[in-house]
Each structure stands twice: as structure tokens, then as C-alpha cells.
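User: Hello! I am new to this structure and would like to learn how to read a few of its features. Could you take me through them step by step?

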Amino acid sequence: MPIPTTRAILADLVGFDTTSRDSNLPLVAHVEAFLGRYGVESRRVYDETGAKANLWATIGPKDVPGLILSGHTDTVPVDGQDWASDPFGLEERDGRLYGRGSCDMKGFLAAALAAVPSMVAADLARPIHLAFSYDEEVGCVGVKRLLEVLQDEPVKPAFCIVGEPTLMQVVIGHKAKRSIRVTVRGRTCHSSLAPQGVNAVDYAALLIVRMREIARRLAEAGAVDAAYDVPYTTAHTGVVNGGTALNIVPDLCRLDCEFRVMPGEDADALVDELQAYARELEAEMQDVAPEAGIEVDVFAGFPGLETAPEADVTVLAKRLAESNGHSKVAYGTEAGRFHAMLGVPTAIVGPGSIEQAHKADEYIEIAQLDACDRFMQRLVDWARQG
Ligand SMILES: [Zn+2]
């Protein structure tokens, strides 16, 4: 049986439209069948609808701590993007392979799968696990269910590598995130009678200002780490919806806002602070209209990652990537969850650049895929030697 190349596997994976809103099961079935051809069993961990699944597979001994290769199967949508070629067909131009997910992050998945035949042939002393998730692009949600299952496994893996695009550089930190929807409910009336109503837009504005005040305080006096582009915690409001006409006091306003929190700062305490201010405003609103109120819901988020530069996983990741440096990044990944929920030391290394992710004409350099193939072969050597 000829061993398929990373590129051929990537072409297959890109061919499945796994936009986060849709099922990833056709891709999961394809990967299961691939693994099955090499005698590797895999296990699905479904979402609550049964339309999506994580895939977990182990190559090598099951009673020894090993290394997890983690990646997500879902991609961001192509809606409204202008592509030069079919986003779901891998196309080579100028040393690059174009396609949705080629970089973020089916390239890494393909390199991991292409290494499976040599993992199987190598008689590994330590296992290599594959953890392929769904719903990463909507807040690193899907992998939670897999991690809940893995929490019950008797042998905890020793290391995890998350293959988000880092140009094969070792990344050891990212911020935590909390995504918050605020719903302000007031009381409507004609604007000429404004004091008889409760203006939901006005109260929402006070919350927006409070978010700015928190942001300023953290920028001036919060945790600092120069390894980040923006070296402190940020807070911002991204969406405001409220009001219908100038002569109507609005009774509804919605805000979407977020905190991106430095490791070492308490993300939930910031949410609590916003909550407490909402309760204060709510009391004032209810003096006029008892039915008024403010709901503050955290609808998404993920833990941050802070792996030590001298940690074993950092040293191993550098060896496998043949790269000496390490850095920290602004975007979130599943790495924080692996560490927070499983306690597995985790680093991020993957092919391609985050600059190419999520955009029209997403691509991965062929040279990056080659570098990832070499990473996988060194990983197999490591796992063989035990
Ligand atoms: Zn990604």
C-alpha cells in the first residue's frame, strides 16, 4: 500500500467543507477510515446534537504517558470572501497550496496523519495520541467534551502539542478570553415623556464607558508581559444594537464585549466587576420601571496558556521543531484548555502563518508542510526511544 503524502491528505481534508456551523462527520469518517487502514482504532466524542464529533486515537502503548497532537477540524466560513480558486479544492500556485483550512489548520492534521504509517511501523515506546476537535473557531468549545472524557482515563498524557499556525515556531503563551453579551431592558415611551421611561441605550452607554475605564486601568496598572504584542489585558465593546426611532425611548439595547486577559490576571473577576456595576445600574432603573434589568452573559471564552520557557514540553517542542526561540501570541487556542482541564503541559507549534488564516485565498507554503513533516518524523524517533 503506497504511503500517502501530506499534500494528498491535505487535498482530501480541504475537500470537506467543515465550516464550524456544519457537521464535520464526513471528515471524521474519512479520517477514521484512513486510520483503520493502518490498524489504528479511533473513538468519536460527539456534541449534544450528534452532528459533530471529536476524534481521539492512540498509536502505541496505552499504559504509558505519551504526547497528544491536537488540532481542530472546523474552519471559518468563506461567506462574502472573494477567492481566486475553489476554497474547497487545494490549488498550487507559486509554492503555496491554496484552500480553506490549508493553514488553519488542516495542514497540521494532514502532516500528523501522513506520519501515522511510520508511527505504526516504529513499535513506539511512548504513545502518540491524535485529538481532532470540532467548534474551535467558535470559541474552543468542542474539545471540552473530549477533555471531559479524557479526565477519566487512568494514564494522563505527558505532553500536548497544539498545531495552530506558528510558522513552526514554539509558542508557550496566550491570553484568556471572555466574550460577554449584555442585554439591557428598559421601558419605552414617547421621547417627549422621556423621564417616564428607562432608556436602555443610555444605560448601555454607561456600561461601555465602564469597559473603557477597566481597559485603561489594566493598561496602566495591570499585569504586563513584554512577550505579547499588546503586553497587557484588553477590554472592548465590539457590537451595539439598540433603539428604533428618535422619538421613542428605547427599551432594549444589546452589547457584545470582551476581555482578553493576561495569564496572572483573573478573567472571571473582571466579568464580576462588570456584573456588579450592572446590578448598581439595575437598581436605579428599577426605581422608575420595576420590570427593567440588565443581563450579563458570558457566552464564550477560553483559558489562557502560560507554559514555562524551561518546561519539558517547551524543550521537547523546540527540539522537534529545530527552533530555539519561543514566543507568546495574541490569539487563543485549545492549548489553554488542555492545560486547564487535563493539566497536561502544552505548547503550540504548527505550519503556516496566522496571517493567512481566516482570509480569502488562505494558503500554506509547501516549505512549511515539509518542515512539519520533519517535525513529525523527529517526534516518531522520540516516541520510539521512550
Ligand atoms: Zn485554528
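Analyst: Gladly; we will look at a metal site and then at a pair of helices. Keep in mind that this is a predicted model.

User: Which protein atoms are the donors of the zinc ion?

Analyst: The zinc ion has H72 (NE2), D104 (OD) and two OE atoms of E164 as its protein donors, at 1.9 to 2.4 Å. Along the sequence, the donor residues follow the spacing H-x31-D-x59-E. D104 belongs to helix α3 (residues 102-114), while E164 sits in the loop between β7 (159-162) and β8 (170-174), so this pair links parts 60 residues apart in sequence.

User: How do I read the arrangement of the donor atoms around the zinc ion?

Analyst: Start from the ideal: four tetrahedral donors would have angles of 109.5 degrees. Here the 4 donor atoms subtend angles of 55 to 134° at the zinc ion, so the arrangement is irregular.

User: Is D104 buried or exposed?

Analyst: Buried means under 20% relative accessible area. D104 has 4% relative accessibility, so it counts as buried. E164 is buried too, with a relative accessible area of 3%.

User: At what angle do helix α8 and helix α10 pack?

Analyst: Helix α8 (residues 312-321) packs against helix α10 (residues 366-385) at about 125°, and their axes are 8 Å apart. That angle makes α8 oblique to α10. On the α8 side the contact involves L316, A317, R319, L320 and A321; on the α10 side, F375, R378, L379 and W382.

User: How many residues of that contact are nonpolar, polar or charged?

Analyst: The contact of α8 with α10 has 7 nonpolar residues, no polar ones and 2 charged.

How values were computed
Residues numbered from 1 in each chain as written. Predicted model: local features only at pLDDT ≥ 70, side-chain atom pairs only at ≥ 80, totals over all residues. Heavy atoms only, no water. Axes fitted to C-alpha atoms, helices over the stretch in contact; angles between N-to-C directions. Helix = DSSP H or I, 4+ residues; strand = E, 2+ residues; numbered from the N terminus. Parallel < 35°, antiparallel > 145°, perpendicular 65-115°, else oblique. Contact = heavy atoms within 4.5 Å. Nonpolar A, V, L, I, M, F, W, Y, C, P; charged D, E, K, R; others polar. Donors = N, O, S within 2.8 Å, 3.2 Å for Na, K, Ca; no water. Tetrahedral: all angles 85-135°; square planar, octahedral: opposite > 155°, others 65-115°. Buried < 20%, exposed > 50% of the residue type's maximum accessible area, 1.4 Å probe, protein only.
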